[in-house]
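Visitor: I should be grateful for some guidance on how to read a structure that is new to me. May we take it one feature at a time?

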Amino acid sequence: FFFLFLSSYMSSQDKQLRLYSKGIFLGFRRSLRGQMTHTSLVKIEGVNDKNDTSFYFGKRVAYVYRASNPKRGKTRVIWGRITTSHGNNGVVRAKFKRNLPARAMGSRVRVMLYPSRV
């Protein structure tokens, strides 16, 4: 019995902690006929209200993707920052260092919990 308890305790400590919130890149900010590709819309998991978005203002966002050229590395990152909210349902606007590619729509982004403003 003690060994079973010890093994479950050890396996729970080996698990990695996730230091970011999950988000989805919805698309670009747009008007009726055009779109502003320099501003991306991100839906953060668990944020469903405009009042909840203010915590994430200024936080860093990472779009992590796989690339085929191993010389520069298999995984690459485009970094950005959350600027403001968008609408009333918890969507935020983010500006990335380089504009996200259109094929990234609907894919995951990582919303880092830094820099802290607390």
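Guide: The turns below go from the overall layout to the barrel, the core, single residues and aromatic rings. Please keep in mind that this is a predicted model.

Visitor: How many helices and strands are there in the chain?

Guide: The chain has one helix and six strands. Along the sequence their pattern is α-β-β-β-β-β-β.

Visitor: What share of the residues in the chain is buried?

Guide: Of the 118 residues in the chain, 28% are buried. One may also look at how far apart in sequence the contacting residues lie. Among contacts between residues at least 6 apart in sequence, 58% join residues at least 24 apart.

Visitor: In what order do the strands of the barrel run?

Guide: The six strands form a closed barrel in the order β1-β2-β5-β4-β3-β6, and their pairing is antiparallel. From one strand to the next, the twist averages 45 degrees.

Visitor: Which details of the strand pairs deserve a look?

Guide: Let us begin with β1. Seven bridges pair β1 with β2 in the antiparallel sense, and the two strands form a hairpin with four residues between them. Within this pair, G23 stands opposite I44 in β2. β1 is also joined to β6, by five bridges and again antiparallel; here S21 stands opposite V111 in β6.

Visitor: How many bridges join β4 to β5?

Guide: Six bridges join these antiparallel strands. As a point of reference, R81 stands opposite K95 in β5.

Visitor: I should now like to understand the core. What is the general idea?

Guide: In soluble globular proteins, nonpolar side chains tend to be buried together. In this model, the largest nonpolar core has 17 residues, and I44, Y63, I82 and F96 touch the most other members. Each of the strands β1 (20-30), β2 (35-44), β3 (60-66), β4 (75-86), β5 (91-96) and β6 (108-112) supplies at least two residues of this core.

Visitor: Which strand gives the most to this core?

Guide: That strand is β5, with three residues.

Visitor: May we follow one core residue more closely? Is Y63 buried or partly exposed?

Guide: Y63 has a relative accessibility of 6%, and therefore counts as buried, the cut-off being under 20%. Leaving aside neighbours within four places in sequence, Y63 is in contact with R76, V77, I78, F96, L100, P101, A104, S107, R108 and V109.

Visitor: How does one compare two residues that have the same kind of side chain?

Guide: T39 and T75 may serve as examples. T39 is found in strand β2, while T75 has its place in strand β4.

Visitor: Is T39 buried or exposed?

Guide: T39 is buried, because its relative accessibility is 3%. Apart from neighbours within four places in sequence, T39 is in contact with G27, F28, R29, R93, A94 and K95.

Visitor: And why does T75 count as partly exposed?

Guide: Its relative accessible area is 49%, and partly exposed covers the range between 20% and 50%. Not counting residues up to four places away in sequence, T75 touches Y65 and R66. T75 and Y65 are ten residues apart along the chain, and their C-alpha atoms are separated by 5.6 Å.

Visitor: How should I read a pair of aromatic rings?

Guide: A pair of aromatic rings is described by the distance of the centres and the angle of the planes. The count here comes to three aromatic pairs. One of them joins F55 and Y56, with 5.0 Å from centre to centre and 90 degrees between the planes, an edge-to-face arrangement. F55 is partly exposed at 41% relative accessibility, whereas Y56 is buried at 10%.

Visitor: Why is the pair of Y63 and Y65 stacked?

Guide: The ring centres of Y63 and Y65 are 5.4 Å apart and the planes are at 15 degrees, so the pair is stacked; the cut-off for stacked planes is under 30 degrees.

Visitor: Where do charged ends sit over rings?

Guide: The charged end of K59 sits over the ring of F55, at 4.6 Å from the ring centre. The charged end of R18 sits over the ring of Y20, and the distance to that ring's centre is 5.7 Å.

Key
Residues numbered from 1 in each chain as written. Predicted model: local features only at pLDDT ≥ 70, side-chain atom pairs only at ≥ 80, totals over all residues. Heavy atoms only, no water. Core = buried A, V, L, I, M, F, W, Y, C linked by side-chain atoms within 4.5 Å. Buried < 20%, exposed > 50% of the residue type's maximum accessible area, 1.4 Å probe, protein only. Contact = heavy atoms within 4.5 Å. Pairing = 2+ DSSP bridges. Axes fitted to C-alpha atoms, helices over the stretch in contact; angles between N-to-C directions. Phe/Tyr/Trp six-rings, centres within 6.5 Å; stacked < 30°, edge-to-face > 60°. Lys NZ or Arg CZ within 6 Å of the ring centre and 35° of its normal.
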